Amino acid sequence: MSAWRRWVDKVTAVESATAFALFRIAIGLCTLLTVGSVVWRGLVPVLWIDRAFGGYRALGQGPWLVHWLGGPDPRNIWLLTATALVGGVLTTIGLGGRVGPLLALVSCVNVLSVNGHAGGSYDDLLTNGLWLVVLGSGTQTLSADARLTQGTWAPPGATALAFPRWLAGWQLVLMYCTTGLQKVSAYWVPGGDASALYYILQQPEWHRRDMSFLAWVFPLTQVATTVTWLWEVSSPLWLLAVWYAADPGRDGRVRRAFARARVRWVYLGLGVMMHAVIWATMEVGPFSPLSLAFYVVMVHPEEWERLWARLTGASAPAGAPAAAPS
């Protein structure tokens, strides 16, 4: 029973709701970006609608809900696209609790997978994020729900379950680590020629503009390749550093070393720099904004509150402390 008690304590622990509310907002905005960009560019009829109705390829019956509705015809696809956008808006503003992210999740799972030639693994990252928002809700603060029920957008002392935020952090480092472990060619791993990023940036389907000038600074691309690979495969250390920082009262040699080296801030800073370079040089869809949305959970709720207080000159709200796994 003691093991069961510890498990119950972990999954019922609460913390200040701020960080997960910010994650909810970020995922809602990414939903609008991912689906809205296809709508804005006029690509819905081309990519997500069957060839029989004007699309560029035959899409079969589509995923489960598309199939149940009758197939990827204009009526069904536009219905799901509109539902995804409505769900994204509700998620962003925090209206309706779990209803908004659930609508966005079910709609996105279907429209984003109706055409296997149009999309990427970032679509899975989005739907995983939406599922975590369904799990954790995130409307306890910074939401229209809070405004309607408590008369303020940010009720003092609002709390939320802690484990959905930790799951979001695990999703982030799992994505990075497994991506790095799949890069096992001599172009990536230390000991090879570390030319992967150079060659990627020479491919027209990836780069935003001509990058042939990198031939003059090839050694710098080698350094960037090696740093990126090492950062990805070791990214679980980032989550461990966040774990340690959530309970600063505990002592230990490794904890002290992580704190002195500012491990979690080093990983966060390198990640932001990496995605800034990707955004500036490469066309990879909404991958960078989606990844950065998960960075929100790697900063503890009370740290977000202290930052807000520093920026506004207000007193930091007295929320529940971060719940660290132990």
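In helix α12 (residues 236-245), the buried residues are W238, L239, A241, V242 and Y244. The model examined here is a predicted one, and this helix is a good place to start exploring its interior. The buried residues of α12 pack against several other helices, namely α9 (163-182), α11, α13 (253-261), α14 and α15 (287-295). A general point about helices helps in reading such a list. An α-helix has 3.6 residues a turn, so residues three or four places apart point the same way.

One of the partners of α12, helix α15, can be described in a similar manner. Its buried residues are S288, L290, S291, A293, F294 and Y295. These buried residues of α15 pack against α2 (18-40), α7 (121-136), α9, α11, α12 and α14. Helices α12 and α15 therefore appear in each other's lists of packing partners, since contact here means heavy atoms within 4.5 Å.

Which residues touch the most other members of the largest nonpolar core? That core has 65 residues, and the answer is F23, W48 and W238. W238 has already been met among the buried residues of α12. For F23, the neighbours can be named one by one. With residues up to four places away in sequence set aside, F23 touches G129, L132, V133, A168, A293, F294, V296 and V297. Two of these neighbours, A293 and F294, are among the buried residues of α15.

The loop that follows α15 brings the story back to α12. H300 is located in the loop between α15 and α16. H300 counts as buried because its relative accessibility is 0%, and buried means under 20%. A polar atom of the H300 side chain lies 2.9 Å from the backbone oxygen of V242, and V242 is one of the buried residues of α12.

Two further buried residues carry the picture to other helices. S107 belongs to helix α6 (residues 99-111). With a relative accessible area of 2%, S107 is buried. Apart from neighbours within four places in sequence, S107 is in contact with L80, T83 and A84. T127, in turn, sits in helix α7. Is T127 buried or exposed? T127 has a relative accessible area of 11%, so it is buried. Again leaving out neighbours within four places in sequence, T127 contacts L105, C108 and V109. The C-alpha atoms of T127 and T34 are separated by 11 Å, and these two residues are 93 residues apart along the chain.

Charged side chains come next. Side chains of opposite charge can pair when their charged atoms come close. How many salt bridges does the structure hold? There are 6. In one of them, the side chains of R208 and E283 meet at 3.1 Å, N to O. This pair links distant parts of the chain, with R208 in the loop between α10 (196-200) and α11, and E283 in the loop between α14 and α15, 75 residues apart. R208 is partly exposed, with a relative accessible area of 34%, and E283 is also partly exposed, at 43%.

Another salt bridge joins R264 and E303, whose closest N and O atoms are 2.3 Å apart. This pair, too, links distant parts of the chain: R264 is in helix α14 and E303 is in helix α16 (residues 301-312), 39 residues apart. Are R264 and E303 buried or exposed? Both are buried. A further salt bridge connects R256 with D251, and the closest N and O atoms there are 2.8 Å apart. R256 is partly exposed at 38% relative accessibility, whereas D251 is exposed, with a relative accessible area of 59%.

Finally, the surface also has a nonpolar feature. V223, V227, V266, L270 and M273 form a nonpolar patch there, with about 420 Å² of accessible area together. The elements that give two or more residues to this patch are α11 (218-233) and α14 (263-281). Which element gives the most to the patch? Helix α14 does, with 3 residues. One residue of the patch, V266, has its place in α14. V266 counts as partly exposed because its relative accessibility is 42%, a value that lies between the limits of 20% for buried and 50% for exposed. Helix α14 thus gives residues to the surface patch, and it also packs against the buried residues of α12 and of α15.

Definitions and conventions: Residues are numbered from 1 along each chain as its sequence is written. This is a predicted model: local features need pLDDT of at least 70, side-chain atom pairs count only at pLDDT 80 or more; totals for chains, interfaces and linings use all residues. Side-chain values use heavy atoms; hydrogens and water are left out. Patches are made of residues with over 30% relative accessible area and no salt bridge: like charges are joined within 9 Å, nonpolar side chains (Val, Leu, Ile, Met, Phe, Trp, Tyr) within 5 Å. Accessible areas come from the Shrake-Rupley method with a 1.4 Å probe; for residues, only the protein chains shown count as cover. A salt bridge is a side-chain nitrogen of Lys or Arg within 4 Å of a carboxyl oxygen of Asp or Glu. Helices (H or I, at least four residues) and strands (E, at least two) are DSSP runs, numbered from the N terminus. Buried means under 20% relative accessible area, exposed over 50%, partly exposed in between (1.4 Å probe, protein chains only). A nonpolar core is a set of buried Ala, Val, Leu, Ile, Met, Phe, Trp, Tyr and Cys residues joined through side-chain atoms within 4.5 Å. A polar contact is a pair of N or O atoms within 3.5 Å; within protein, one must be able to donate a hydrogen and the other to accept it, and residues adjacent in sequence count only if both atoms are side-chain atoms.
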